[in-house]
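Please find below a short note on the pockets and surface of the structure under review. The points are numbered for ease of reply.

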Amino acid sequence: MDDTPVADNQLIRMSGLIRGRLVMRYKRFFVDIELDTGDIITAHCPNPGKMLGLLNAGTPALVTPLNDPKKKLPYRLEALSENGAWVGVNTQWPNRAIYEAIAAQRLPELTGYTALQPEKKYGHNSRIDIYASGHSFLPDAYIEVKNVHLSRRAGHAEFPDCVTERGAKHLYELITMVQTGYRAVVVFCVQRENCTTFDIARDCDPAFGRAYDAARSAGVEFIAVGFAFSEDGLRFEKALKVL
């Protein structure tokens, strides 16, 4: 992947992606992929979630060759296809994508900040994904980024797809930041196109749903942004309506 931001609405350019089909996922972080060449390879799965709806055998897949002798596995899974559309499953890219979107002033709720700091320590042994400062009249903002790939009905994205105690912990810590005078913003990065609405999947994690309700009541802000995943890159698409 190229580390250089690209122009217009293309945020992250990808190159060298290889097509294949999913054979199976196991031990959470391993997937076997049959490449179009017929070779079967084992790739790192950078997603600890259940990946509901995406793990059927034969599902089209995109992997990145890592070409790094220090890595245990030579490939990394980047996307799986559902209903003919690519769904990004690599949880490493949303932080980068949202950082680039804020820096490019593409998110109206977060325009005007002149300095962005990734991975700033805060709370109880936590790190905020992005700390934004330098706004002329708004408080500094603690920005948490969540990766979203779940969609159980057409046009609608959801988070989470499994229990996330860590995610709920972050929301309660963001409440504390609001109470001390900062802005706290959660950005749900939806790595799939054709979604227009977003909501919390309360049936997947009721405790996260309760934390979400408490955070909203306390003044934590929530936005959802859609990115289209293709073999060329991860492209900023549009804001989603948070239900």
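1. For the composition of a pocket lining, Ala, Val, Leu, Ile, Met, Phe, Trp, Tyr, Cys and Pro are counted as nonpolar, Asp, Glu, Lys and Arg as charged, and the others, Gly among them, as polar. The structure is a predicted model.

2. The largest pocket encloses about 690 Å³ of space. Its lining is formed by 29 residues, of which Pro48, Thr91, Lys146, Asn147 and Arg166 are the closest to the centre. Two or more lining residues come from each of helix H1 (93–103), strand S9 (126–133), strand S10 (141–148), strand S12 (156–159) and helix H2 (165–179).

3. Which element provides the largest share of the lining of the largest pocket? That share, five residues, belongs to S10. By residue class, the lining of the largest pocket holds nine nonpolar, eleven polar and nine charged residues.

4. The second largest pocket has a volume of about 260 Å³. It is lined by 13 residues, and those closest to its centre are His44, Leu66, Lys71, Leu73 and Arg76. Six of the lining residues of the second largest pocket are nonpolar, three are polar and four are charged.

5. On the surface, Val23, Met24 and Ile40 make a nonpolar patch of about 260 Å². Val23 lies in strand S2 (residues 18–26). Why can Val23 be counted in a surface patch? Patch residues must have over 30% relative accessible area, and Val23 qualifies on this point because its relative accessible area is 34%, which makes the residue partly exposed.

Key: Residues are numbered from 1 along each chain as its sequence is written. This is a predicted model: local features need pLDDT of at least 70, side-chain atom pairs count only at pLDDT 80 or more; totals for chains, interfaces and linings use all residues. Side-chain values use heavy atoms; hydrogens and water are left out. On a 1 Å grid over the protein atoms alone, a cavity is a set of points where a 1.4 Å probe fits but cannot get out, and a pocket is an open set with protein on both sides within 12 Å along at least five of seven lines; lining residues have an atom within 4 Å of a point. Grid points are joined across faces, edges and corners, and a volume is the space filled by probe spheres set on the points. Helices (H or I, at least four residues) and strands (E, at least two) are DSSP runs, numbered from the N terminus. Patches are made of residues with over 30% relative accessible area and no salt bridge: like charges are joined within 9 Å, nonpolar side chains (Val, Leu, Ile, Met, Phe, Trp, Tyr) within 5 Å. Accessible areas come from the Shrake-Rupley method with a 1.4 Å probe; for residues, only the protein chains shown count as cover. A salt bridge is a side-chain nitrogen of Lys or Arg within 4 Å of a carboxyl oxygen of Asp or Glu. Buried means under 20% relative accessible area, exposed over 50%, partly exposed in between (1.4 Å probe, protein chains only).
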